[in-house]
Amino acid sequence: MVNLPSKENKEKFVREMFNNIAGRYDLMNTLMTMGLDKSWRKFVVGRAELQAGGYGLDVCCGTGMLTMEQARTAGASGKVVGLDFSENMLAVARENIKDFVLRDNIQLIQGNAMELPFADNTFDCATVGWGLRNVPDVMTAIKEMARVVKPGGKVISLDMAQPSAPVFKQVYWLCFEKLIPAMGKLWASNKRAYDYLHDSAKVFPHQAELARMFAEAGLVETCHHDLFGGVVAVVEGRKA
Ligand SMILES: C[S@@+](CC[C@H](N)C(=O)[O-])C[C@H]1O[C@@H](n2cnc3c(N)ncnc32)[C@H](O)[C@@H]1O
């Protein structure tokens, strides 16, 4: 049974949840993705077409991993902004970038994906990693990212998705139903967070539907790339 907070309560719930799990987030993310998250983030930044010297935005940046990946690509003459509304996730991000060689090229900002504090046409690209599933209104977040990207720039999401190969699909959902609650038990204090992870993934739009929403938000050349058999997907579009 799916048990999610209402749209009105989702922001408060999500922010408190990430504030609570911030200290363990990177470890759990690596374990749950079997370390594949790094290559998926690289793929996202490759698709973002960020150039050396470019100006990138990473929405729902969390602990800053995708933000740093953008910064590597933008290089010494580039600049990247990471935005998140969880103060504790941002605190971990600050710790993570402390010894990063390009730390001075990263700006971390506390803000809301539903109302980005930037002027229209500011960035060369906007990425969001495992973020759209967590916002109260996916379409508003996509439109906000599209608004702040310059014409020709890409908007890209990396998130959990829905595998489509028949047998793999059944096996995946079976494992997902068992694995996530087991993790919740293991980290008993965070059972609600793992229930939420499971429930939010179940109701998140299929990657093809998300690509259609990107188009509805006015983006062109929209498409999706299934990774790991569609367990996660990258959805992208370009501002005309
Ligand atoms: C699953 S984490 C992803 C972190 C990071 N992008 C990554 O690749 O690991 C989701 C992040 O989205 C943030 N978030 C959720 N809703 C948000 C919103 N409306 N505005 C800003 N940040 C939000 C949470 O605080 C959390 O840090």
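Glu49 lies in the loop between helix H2 (37–48) and strand E1, in a model that is predicted. Glu49 has a positive phi of about 60° although it is not a glycine, and with 16 C-beta neighbours inside 10 Å it counts as partly exposed. The strand that follows this loop, E1, belongs to an open sheet of 7 strands in the order E3-E2-E1-E4-E5-E7-E6, in which the pairing is mixed. The points below take up the loops, the sheet, the helices, the ligand shell and two buried residues in turn.

**Loop residues with a positive phi**

- Most residues other than glycine have a negative phi.
- Besides Glu49, which has a phi of about 60°, Asn121 has a positive phi, of about 55°, although it is not a glycine.
- Asn121 lies in the loop between E3 and E4, and because it has 12 C-beta neighbours inside 10 Å, it counts as exposed.

**The sheet**

- The 7 strands form an open sheet with mixed pairing, and strand E3 (106–110) and strand E6 (219–227) stand at its edges, each with a single partner strand, so that one side of each is left without a neighbour in the sheet.
- Neighbouring strands of this sheet are turned by 15° against each other on average, when direction is ignored.
- At the E6 edge, 7 bridges join E6 to strand E7 (residues 232–239), and these two strands run antiparallel; within this pairing, Val220 stands opposite Arg238 in E7.
- Further into the strand order, E1 and E4 pair in the parallel sense over 4 bridges, and the bridge partner of Gly56 in E4 is Cys125.
- On the E5 side of E4, 6 bridges join E4 to E5, and these strands also run parallel; here the bridge partner of Cys125 in E5 is Lys154.
- Strand E4 is largely enclosed by the rest of the structure, because 7 of its 7 residues are buried.

**Helices and their packing**

- Helix H5 (residues 138–148) lies across strand E1 (55–59), strand E4 (123–129), strand E5 (149–160), E6 and E7, and runs at about 145° to E5.
- The buried residues of H5 are Val138, Ala141, Ile142, Glu144, Met145, Ala146 and Val148, and they pack against E1, E4, E5, E6 and E7 as well as against helix H8 (207–216).
- Helix H1 (residues 7–32) and helix H4 (residues 87–97) pack at an angle of about 25°, with their axes 7 Å apart, which makes H1 roughly parallel to H4.
- To this contact H1 brings Phe18, Asn19, Ala22, Gly23 and Tyr25, while H4 brings Glu87, Asn88, Met89, Ala91 and Val92.
- The residues of the contact of H1 with H4 divide into 6 nonpolar, 3 polar and 1 charged.

**The shell around the ligand**

- The ligand is surrounded by 22 residues, of which the closest are Cys60, Gly62, Ser86, Ala113 and Gly129.
- Helix H1 and helix H3 (65–74) each supply at least two residues of this shell, and H1 gives the most to it, with 5 residues.
- By residue type, the shell around the ligand divides into 12 nonpolar, 7 polar and 3 charged.

**Two buried residues**

- Val81 lies in strand E2 (residues 79–84) and is buried, with 24 other C-beta atoms within 10 Å.
- When residues up to four places away in sequence are not counted, Val81 touches Leu57, Gln107 and Ile109.
- Val81 and Ala182 are 101 residues apart in sequence, and their C-alpha atoms are 36 Å apart in space.
- Leu66 is found in helix H3, the helix that, like H1, supplies at least two residues of the shell around the ligand.
- Leu66 is buried, with 30 other C-beta atoms within 10 Å, and, leaving aside its neighbours within four places in sequence, it is in contact with Arg41, Val44, Asp58, Cys61, Thr127 and Gly129; Gly129 is also listed among the closest residues to the ligand.
- Leu66 and Pro205 are 139 residues apart in sequence and 22 Å apart in space, taken from C-alpha to C-alpha.

Conventions. Residues numbered from 1 in each chain as written. Predicted model: local features only at pLDDT ≥ 70, side-chain atom pairs only at ≥ 80, totals over all residues. Pairing = 2+ DSSP bridges. Axes fitted to C-alpha atoms, helices over the stretch in contact; angles between N-to-C directions. Contact = placed C-beta atoms within 7 Å. Parallel < 35°, antiparallel > 145°, perpendicular 65-115°, else oblique. Nonpolar A, V, L, I, M, F, W, Y, C, P; charged D, E, K, R; others polar. Near = placed C-beta within 6 Å. Buried ≥ 20, exposed ≤ 12 C-beta atoms within 10 Å, placed from the backbone.
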